[in-house]
Amino acid sequence: MAFCKVSMGKLKTVASPFRQHSLAGVSRSTTILVAYLMTVTHFGWKECLAAAKAVRSYVSPNFGFQKQLQEYETTLLQEYRTWVQMEYGKNPLPDQEELRRLLSPKEEKVNEPPAGLGESKWNGAPSPGDHQPIG
């Protein structure tokens, strides 16, 4: 948890000049999220990106960022995973389990109870959590 706080504090300080250009969270911030998830879980960049897309379908790191994530996975990832675990101990957050759940949505939907008579949706209208940014 301290890793996340330190990283986010540094990120806010360093990122101030370009924050206004990444408000949509499509490429740059998604890349940072994926790199973090790779570091604190046992998943690779493709799985972490798929989990991010399960939550926000429009995220899409540009090709250059994808190549950097791939390079991070093959070069420095294991070293950083080891360092984070040694420095901060076991991750108190359920990141690994949450990603596993996001990557297997079919299994989760099987376990959901069917909608009752009073719980019908209006002709495919999106639920409150299904919104997407405009523009």
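**Stop 1: the aromatic pairs**

Start with the aromatic side chains of this predicted model: the structure holds 2 aromatic pairs. Select Y72 and Y80 and turn the view until both rings are visible. Their centres lie 6.1 Å apart and their planes meet at 55°, so this pair is tilted. How do the two partners differ in cover, buried or partly exposed? Y72 is buried, at a relative accessible area of 16%, while Y80 is partly exposed, at 37%.

Now add W83 and Y88, the other names to pick here. This aromatic pair is edge-to-face, with 5.9 Å from centre to centre and 90° between the planes. W83 counts as partly exposed at 38% relative accessibility, and Y88 is partly exposed too, at 31%.

**Stop 2: the nonpolar surface patch**

Keep Y80, W83 and Y88 selected, add L76, and switch on the surface. These four residues form a nonpolar patch, with about 360 Å² of accessible area together. L76 sits in the loop between α4 and α5, the latter covering residues 77-88. With a relative accessible area of 37%, L76 is partly exposed.

**Stop 3: the whole chain**

Zoom out and show the cartoon. What secondary structure does the protein chain have? You will find 7 helices and 0 strands, and the pattern along the sequence reads α-α-α-α-α-α-α. Colour by accessibility next: buried residues make up 25% of the 135 residues in the protein chain. The accessible surface comes to about 10,200 Å², and carbon and sulfur atoms account for 58% of that.

For a view of how the chain meets itself, consider contacts between residues at least 6 apart in sequence: 74% of them join residues at least 24 apart.

**Stop 4: the largest nonpolar core**

Hide the surface and go inside. The largest nonpolar core has 17 residues, and the members touching the most others are V34, M38, W45, C48 and L99. Which helices supply at least two residues each to this core? They are α2 (28-40), α3 (45-55), α4 (63-75) and α6.

Select W45 and display its surroundings. Leaving aside residues up to four places away in sequence, W45 touches V34, M38, Q66, L69, Q70 and E73. Two of these names, V34 and M38, also appear with W45 among the core members that touch the most others.

**Stop 5: L99 and L102 in helix α6**

Move to L99, which belongs to helix α6. L99 is buried, with a relative accessible area of 4%. Beyond residues up to four places away in sequence, its contacts are L37, T41, F43, C48 and A51. Draw a distance from L99 to T41: 58 residues separate them along the chain, yet their C-alpha atoms are 8.4 Å apart.

L102 is also in helix α6, and at 17% relative accessibility it counts as buried. Its contacts, with residues up to four places away in sequence not counted, are A51, A54 and V55. Draw another distance, from L102 to A54: these residues are 48 apart along the chain, and their C-alpha atoms are separated by 6.3 Å.

**Stop 6: the salt bridge on α6**

Stay on this helix and select R101 and E98. How many salt bridges does the model contain? The count comes to 1, and here it is: the side chains of R101 and E98 meet with 2.5 Å from N to O. The two residues are 3 apart in helix α6 (residues 95-103), so about one helical turn separates them. Which cover do the partners have, buried or partly exposed? R101 counts as partly exposed, at 36% relative accessibility, and E98 is partly exposed as well, at 34%.

**Stop 7: S29 in helix α2**

For a last selection, pick S29 in helix α2. At 33% relative accessibility, S29 counts as partly exposed. Then add P61 and draw one more C-alpha distance: S29 and P61 are 32 residues apart along the chain, and the separation is 8.5 Å.

Technical notes:
Residues numbered from 1 in each chain as written. Predicted model: local features only at pLDDT ≥ 70, side-chain atom pairs only at ≥ 80, totals over all residues. Heavy atoms only, no water. Helix = DSSP H or I, 4+ residues; strand = E, 2+ residues; numbered from the N terminus. Buried < 20%, exposed > 50% of the residue type's maximum accessible area, 1.4 Å probe, protein only. Core = buried A, V, L, I, M, F, W, Y, C linked by side-chain atoms within 4.5 Å. Contact = heavy atoms within 4.5 Å. Phe/Tyr/Trp six-rings, centres within 6.5 Å; stacked < 30°, edge-to-face > 60°. Patch = residues over 30% accessible without salt bridge, like charges linked within 9 Å, V, L, I, M, F, W, Y side chains within 5 Å. Areas by Shrake-Rupley, 256 points an atom, 1.4 Å probe, with all protein chains shown as cover.
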